[in-house]
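Please look at the sequence and the structure shown here before reading on. The paragraphs that follow lead through the structure in stages.

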Amino acid sequence: MSFVGDSRNSPAKPLTTDDDLPLFNNSKQMELQKYQKPTVSPTLAELLMHVDDAQSSPVDHRVVELGYGCSSLPSSNPFVLCFNDLTYGIKIRKKMGSIPFSGKKGDEMNANGVNTKILLNEISGEAREGEIMAVLGASGSGKSTLIDALASRIAKDSLKGTLTLNGEVLESRLLRVISAYVMQDDLLFPMLTVEETLMFSAEFRLPRSLSKTKKKARVQALIDQLGLRNAAKTVIGDEGHRGVSGGERRRVSIGTDIIHDPIVLFLDEPTSGLDSTSAFMVVKVLQRIAQSGSIVIMSIHQPSYRILNLLDRLIFLSHGNTVYGGSPEMLPSFFAEFGHPIPDNENKTEFALDLIRELEETPGGTRGLVEFNKSWQARKNQRTGFSMKSNLSLKDAISASISKGKLVSGATNDSNLTSSVPTFANPFWIEMIVIAKRSMLNSRRMPELFGIRLGAVVVTGIILATMFWKLDNSPKGVQERLGFFAFAMSTTFYTCAEAIPVFLQERYIFMRETAYNAYRRSSYVLAHSLISIPSLIILSMAFAAITFWAVGLAGGLPGFFFFFSTIFASFWAGSSFVTFLSGVVSHVMLGFTVVVAILAYFLLFSGFFISRDRIPPYWIWFHYISLVKYPYEAVLQNEFDYGTKCFVRGVQMFDNTPLGSVPLSLKLRLLQSMSGVLGVNITGSTCVTTGRDLLEQQGITDINKWNCLWIIIAWGFFFRILFYFTLLLGSKNKRK
């Protein structure tokens with residue numbers, strides 16, 4: 001939001017976002033702005049926190065041509081980010097063919113045939129508060145790599161060079177707190193509105209000490225700053241739901257990362273895929289953010305003439321080398337001295353990029369332009385002779401910003417610089433509440449997802465209930481009960497496979513938010529574990545209620561509740577297992593393949609197809625890690641562990657044998673003969689096999705049903721813990 005007028009004499013009057021854009025300025029505003037001295041717009045945090053004594057000084061838009069490094073800092077720029085000799089390469093074992101010139105040292109190959117491809121070669125420069133620094137170059141020139149290097153998204157051991165803020169080495173932890181990174185892709189929840197998306201971001205980034213009213217005011221001010229007032233109540237949308245436009249979506253992505261008023265803002269091609277008007281509006285928003293007291297660094301492929309006028313500093317890259325570094329105004333003189341003057345009617349950046357591309361295709365590549373840039377920078381530094389240095393240390397600069405209301409994420413003036421800015425804005429339980437609320441709101445607007453899963457469980461239950469209707473206690477009924485339990489328990493795990501795309505859809509949103517400490521990974525895991533429980537209870541109750549009474553299972557009401565508990569524990573363990581796999585496997589189809597295969601193995605070794613004592617010793621370990629084993633054994637004990645209940649009587653001994661079809665009289669005579677031989681009276685109604693005998697035949701005697709239930713629940717917690725460590729180790733979002 002911009003302000004015009006002297007705040008000491010009259011209150012500042014905010015202009016709307018459209019008024020800030022040249023396309024929408026009326027003539028009176030243009031005349032007024034023509035005669036007024038430009039001032040820095042107060043940060044939105046200042047407005048929120050009512051820091052009346054905060055004085056905003058004019059932005060010094062002088063462009064001082066500096067060479068490599070940061071030798072001079074004007075006092076009007078409290079924050080200056082300097083990078084010196086940044087070098088980064090990746091190792092490729094396959095021998096590369098000949099490529100154009102790609103650096104001072106080029107691609108190097110050691111004795112072992114490992115080729116090191118240099119992506120950044122001694123890149124140096126600086127970015128200042130109140131300015132936009134743009135990184136340009138063709139595809140593969142190293143733009144995104146440089147942005148990642150500056151944003152500490154490259155492993156420390158892999159990146160060479162120094163990164164300083166106000167002359168002090170910038171720690172990765174501190175940078176994550178005071179900066180924000182906007183990815184090239186717009187990663188947003190599709191069923192949330194623009195206002196809700198920014199409000200959830202505010203609840204993550206802004207401290208608990210800030211009232212709900214001030215958080216809402218921050219969001220409303222940001223909506224105006226981003227020019228999103230007309231789209232505030234519109235959902236983001238996706239392929240199946242109509243939502244905001246591409247330019248509006250991009251501005252929402254920026255808004256979610258600047259809600260806490262960062263000192264440094266990194267953007268990876270924010271204008272990619274946008275039309276010229278939308279791209280200009282995005283960069284115009286970035287200019288306002290810079291003028292509110294931030295350093296803005298972005299990569300851009302090919303800026304238009306209007307966008308070029310908004311940029312303060314340019315770095316052109318070619319195969320990881322700097323071919324130009326300076327202001328847009330100096331481009332004509334630079335290329336004129338190089339021997340390739342820019343025509344008057346030509347777009348300066350387009351001419352430069354085309355010339356660089358032509359040079360890359362020549363045998364010498366851009367070596368000559370790289371060397372000329374070095375000498376040109378050195379001559380410029382000698383001519384300017386600018387040596388004024390800032391008196392502000394990093395601690396003092398951050399303290400000054402905090403006193404003005406910058407970094408409303410909860411920073412305090414502390415003697416220790418690292419502790420003056422908290423790692424996380426809120427305690428973990430607040431983060432859990434916000435994550436859970438956001439997830440439930442997004443799910444509630446897509447009820448078809450849970451509805452389809454509930455429908456699948458209900459249909460499966462109805463099919464099983466009708467197929468196994470009122471089973472008797474005959475030997476054949478026993479076999480049918482075993483089949484019912486095996487299929488029912490495995491089905492509960494297979495229906496959990498829908499959890500795979502859930503996290504995969506949120507994966508990159510999660511990585512973006514946690515990379516810059518929006519919330520803890522543990523908060524995410526705990527929140528999603530808790531909010532999954534109500535839906536699992538509904539699914540378990542539906543399945544148990546449909547099947548238990550229809551099949552005729554034993555145990556009465558206590559038996560039903562244990563059957564329900566086992567189904568719920570199976571859903572819990574299966575959901576946790578699939579969630580863990582979704583954190584390991586990053587592709588939906590591959591995830592489904594892995595889940596289906598592993599669940600099939602679990603069923604094979606569960607003890608249904610082959611009893612435990614018949615499993616080969618070298619596979620017995622798989623039997624004990626099978627998730628299907630424990631619920632299968634639990635429900636079998638719940639059904640058969642009754643000493644007084646008989647399942648095989650005298651004449652039923654011959655069922656399922658060749659003698660099963662002989663007349664009853666013959667069966668009775670056979671029983672009399674057997675009684676004489678065995679010395680035991682066996683009649684046609686004598687109980688031969690009880691439920692406990694069946695459990696012994698199945699090899700289910702080592703763990704009672706309650707212990708099986710606790711083991712299933714423990715498996716669920718175990719996989720949730722593994723999921724946490726998967727996120728902790730696998731979502732660093734850094735290059736190596």
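**A guided reading of the chain**

Ser576 is found in helix 21, the helix that covers residues 556-584. The model in which this serine is seen is a predicted one. Is Ser576 buried or exposed? With a relative accessible area of 0%, Ser576 is buried, because a residue counts as buried when its relative accessible area is under 20%. Which residues does Ser576 touch, once its neighbours within four places in sequence are left aside? Ser576 is then in contact with Gly716, Phe719 and Arg720.

Another residue to consider is Ile711, which lies in helix 27, a helix made of residues 705-730. Ile711 has a relative accessibility of 26% and therefore counts as partly exposed. With neighbours within four places in sequence set aside, the contacts of Ile711 are with Tyr630 and Ile703. The position of Ile711 can also be compared with that of Ala573: these two residues are 138 residues apart along the chain, and 9.6 Å separates their C-alpha atoms.

The whole chain may now be considered. The protein chain contains 27 helices and 15 strands. It has 736 residues, of which 53% count as buried. Among its contacts between residues at least 6 apart in sequence, 76% join residues that are at least 24 apart. The chain exposes about 32,900 Å² of surface, and carbon and sulfur atoms supply 58% of that area.

Helix 6, made of residues 194-205, offers an example of a covered helix. Helix 6 has 12 residues, and the distance from its first C-alpha to its last is 17 Å, which is close to the 16 Å expected at 1.5 Å a residue. How many of the 12 residues of helix 6 are buried? The number is 11, and the helix is thus mostly covered. Among these buried residues are Val194, Leu198, Met199, Phe200 and Phe204, as well as Glu195, Glu203 and Arg205. The buried residues of helix 6 pack against three helices: helix 7 (212-226), helix 8 (246-258) and helix 16.

Helix 16 also takes part in a feature of the surface. Phe428, Trp429, Ile433 and Leu526 make a nonpolar surface patch of about 380 Å². Which helix gives the most to this patch? Helix 16, which spans residues 428-444, does so with 3 residues. One residue of the patch, Ile433, has its place in helix 16. Because its relative accessibility is 46%, Ile433 counts as partly exposed.

The cysteines come next. The structure holds 1 disulfide, and this disulfide joins Cys646 to Cys687, with a distance of 2.3 Å from S to S. The angle about the S-S bond is 110°, and the link of Cys646 and Cys687 is right-handed. Why can this pair be said to tie together separate parts of the sequence? Cys646 lies in strand 14 (residues 646-649) and Cys687 lies in strand 15 (residues 687-690), so the link ties together parts that are 41 residues apart in sequence. Cys646 is buried, with a relative accessible area of 11%, whereas Cys687 has a relative accessibility of 35% and counts as partly exposed. Two further cysteines can be examined for their accessibility. Cys496 counts as buried at 1% relative accessibility, and Cys708 is buried with a relative accessible area of 0%.

Finally, the backbone deserves attention at two positions. Ser152 is not a glycine, yet it has a positive phi of about 60°. Where is Ser152 placed? Ser152 is in the loop between helix 4 (143-150) and strand 7 (160-165). Ser152 has a relative accessible area of 17%, and therefore it is buried. Lys470 likewise has a positive phi although it is not a glycine, with a value of about 45°. Lys470 lies in the loop between helix 17 (447-467) and helix 18 (475-494).

Conventions. Residues numbered from 1 in each chain as written. Predicted model: local features only at pLDDT ≥ 70, side-chain atom pairs only at ≥ 80, totals over all residues. Heavy atoms only, no water. Patch = residues over 30% accessible without salt bridge, like charges linked within 9 Å, V, L, I, M, F, W, Y side chains within 5 Å. Areas by Shrake-Rupley, 256 points an atom, 1.4 Å probe, with all protein chains shown as cover. Salt bridge = Lys/Arg side-chain N within 4 Å of Asp/Glu carboxyl O. Helix = DSSP H or I, 4+ residues; strand = E, 2+ residues; numbered from the N terminus. Buried < 20%, exposed > 50% of the residue type's maximum accessible area, 1.4 Å probe, protein only. Expected span 1.5 Å × (residues − 1). Contact = heavy atoms within 4.5 Å. Disulfide = S-S within 2.5 Å.
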